[in-house]
Every structure is written in structure tokens, then in C-alpha cells.
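Colleague: I've got a model on my screen and I'd like a close look at one part of it, the strand pairing. Could you start there and then walk me through whatever else is worth seeing?

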Amino acid sequence: MSAAFRPEPVRPAVLPDGLAALYAEFLRERFPKATPRRIDAAVAELSEAFTASRADLAGSYLNRPPVRSAYLAHFHPLQTLRAGVALSEVHARAAARGLWPRPTDTLRVADLGAGLGALSQALLALGPEATGAGALELVLVDHQRSALADARELTLRAAALLRPGAPAPRVRVADARLSDWLARARRERWSYDLVLAGAVLNEQHGDWEPLLAGVLEILAPGGVAVLVEPVLDEVVRKLMALREAALHATTTIAPCTHDGACPLLALRRDWCFTSRPARLPPDIARRARLLGHQTDSVHVALWAFAARDTLLPGVLGHGATSHGARARVVSDPMDGEHVLCSADGRTRTAAIAGAARGSLVSVSSA
């Protein structure tokens, strides 16, 4: 009996209604002298820096108003869109396995390397199914003080837009380097139901393992961590290797369709990311076309997990080897074939109509 595959249906990713306008309004208020021409030039410079290596950027680039205005105009909405793709997949797959946090009173969220708060704002866009009906506490951690002030205000405005009628979240900021903040969090025994980290690891100059250890130590029982990184070959493979090194301590939620060892690490040419069709806001699509970037899809590298020693009794997924009959497409079609990653390892199959690299596909007997 052979296997048949079909792409799982997904809707194009879009920013929630009103959010792009909210960002544009904040840009006009905060940076009234930022002309479109100046923003376009700064976006092009930032794009080149991001594509080459974010580690080469000045550590506090968002503290510079010309850079922050360009980032807010273009990259922040894109980051929120990508974060929404990542979090929507993580939430759906975690909820199906009983792994999404369900606190009885307050959902506590730590947004590490928050920047302008894209991950927190994407979380708000998921709605009460993800954030719960009770209180919501967000702590935005970053060493860029000026950016944090904007991040807090943007997050509060986004909450008012995206959660009408719900209590306003408590949003705190922590102006600190991640290593220092994590050390304090461990000393003070702070714990969080969700730990979010966007484009943090690839900006680390040293090993990633100490940051992972810090994340694991601040997860509350039943908590989930979501790490989102840019889709760069070297970054994604390093993220895959980090997951591999932590198999004994974590239960993977996404992007993998299984909890086993990664079958792609042995081969240099295969690496894993999530892909989804997208509709960009018009001005962002215009700049993307000028830069030669894609305008009809977004790609996200992520790793979401629960810590094995913090899983609540009775939850599903602890020690599981497969997340159902699913596979991830990890190649473009080559010679009429796709390469898949699943609990069965790395396999080849006839090219799957409608599937793209990064797609999830369902597996059925045929």
C-alpha cells in the first residue's frame, strides 16, 4: 500500500483588519519628519544588513530614530505577519495535543528580544482562544530602551483594537540584556506560561545553548516556548541542531511532525521552515517589489516546544513519536519529486500538486 499526500488547506496570511493602519498612524505621530523617500532608502539599507547577517548590525540599531522609523514602516508589519503565521500553527497544533497553556486566572507571557513587540501583537491577534478570557500579563524584554517605549504603546493600542471589550493587558517593559534578565528571572523564580523570542538567537555572538537553558528554566508547568528566526540557511540549520541537542528535555510542537531525531541534519542541502501564502499591505508590497522580495508568501523558521519536566500530568504528547499523519515538504520540486520530513524520516515522493517548500501535507493510505 502506498501513501498519498495532499497539502493542508490554509488561508493567505494577512494582518488583522485595522492593524496596518494603526502602525501607519503611529509612524506619523512618532516620526512626523520621516518622508517616504527617506524611509524607502533606510528600508533598503536595513534589508541588506538583515540578509547578510543580523549579527553584524549595531546592537542597538532600533534606538536610532531613522532606523526605527524605517523598521516600523516596513519590517515591523512583516514581522507581525510572520509571527502570526508561526503562532497560529503552533497554537493549533499545541491545542490539538493538549499542550497549549490553560492558566486558570492570568496568562503570563515573556517576549524576549521584543523589538517593537511583533510577537506579542501577533499573539493578541489570535484572540481569546489563545490568550484566554482572563487577565493577560506581558513583559517585553529588550536592551533597546527607546524601542521598548514604542513597543509598549504599540502593544496597548493593538490590544484595544484586537480585543475589544476585553480587559486591557498589563504590559511591562524590562530594559536589560537577555542574559542578565534571564539570570534575574531564575534568581527571583519568575515563571511564564508562554515564552516568545523573535529573531533573538541569530543575533547572539556565542553559543545558543545558554539562552535555551534560561528559557527552559522560566517556563511554568504546562508552559510553551516559541522561537522564531529568519529563514537563512545557516540560522535554520543551527536552530535544527539546537532542537536535536535538547530532545531529552523538550517535546516539540512545531515545525516538526514528530518528536524524533531530525533526519535532515546529516545532509547540507535540506533545511526546514514554514511557508504560507500571504497578502501584504499595499505600501509594504510596493517596497518588497522594489527590493526583489516575495510579495505573495511569507516564510518562517521556528521551533516551539514544551519542557518535558514542566508538562502537566495527563497532557498529551509527552514522549510521543508522531503528531498524526503529517509531513513537512522540505524541498522545491526536483525531477518531479518532493522531499518530505516525517516520523518515517526523510523520504521522497512524486511532486505533490499545490504543495510548496515549507507546506504541511496530510498523509493517507492509497
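Modeller: Sure! Start with strand 11 (residues 337-342) and strand 12 (residues 345-350), which pair in the antiparallel sense over six bridges. Keep in mind that this is a predicted model. To get from strand 11 to strand 12, the chain goes through a hairpin of two residues. If you want one spot to click on, try H338: across from H338, in strand 12, stands T349.

Now let's move on to some helices. Two packed helices are described by the angle between their axes and the distance between the axes. For helix 1 (19-30) and helix 6 (residues 145-162), the angle is about 145 degrees and the axes are 11 Å apart. The crossing of helix 1 past helix 6 is right-handed. On the helix 1 side, the residues that meet helix 6 are L19, L22, Y23, F26, E29 and R30. Their partners in helix 6 are D150, E153, L154, R157, A158 and L161. Sorted by class, that contact has seven nonpolar residues, five charged ones and no polar ones. Look at the numbering too: an α-helix has 3.6 residues a turn, so residues three or four places apart point the same way.

Just before helix 1 there's a loop coming from strand 1 (3-7), and P9 lies in that loop. P9 counts as exposed because its relative accessibility is 79%, and the cut-off for exposed is over 50%. The C-alpha atom of P9 is separated by 16 Å from that of V298, although the two are 289 residues apart along the chain.

What about the inside? In soluble globular proteins, nonpolar side chains tend to be buried together. Here the largest nonpolar core has 67 residues, and V90, V109, L123, V226 and L280 touch the most other members. Helix 3 (residues 65-96) gives the largest share of this core, 14 residues. Take V90: leaving out residues up to four places away in sequence, V90 touches W100, V226, I253, A254, L302 and A304. There's also a second, separate core of 30 residues, with L201, L219, A225 and V235 among them.

L123 brings us to helix 4 (residues 118-125), where seven of the eight residues are buried. Those buried residues are A118, L119, S120, Q121, A122, L123 and L124. After helix 4 comes G127, with a positive phi near 90 degrees.

How values were computed:
Residues numbered from 1 in each chain as written. Predicted model: local features only at pLDDT ≥ 70, side-chain atom pairs only at ≥ 80, totals over all residues. Heavy atoms only, no water. Helix = DSSP H or I, 4+ residues; strand = E, 2+ residues; numbered from the N terminus. Buried < 20%, exposed > 50% of the residue type's maximum accessible area, 1.4 Å probe, protein only. Core = buried A, V, L, I, M, F, W, Y, C linked by side-chain atoms within 4.5 Å. Contact = heavy atoms within 4.5 Å. Pairing = 2+ DSSP bridges. Axes fitted to C-alpha atoms, helices over the stretch in contact; angles between N-to-C directions. Left-handed = near helix turned anticlockwise from the far one by under 90°. Nonpolar A, V, L, I, M, F, W, Y, C, P; charged D, E, K, R; others polar.
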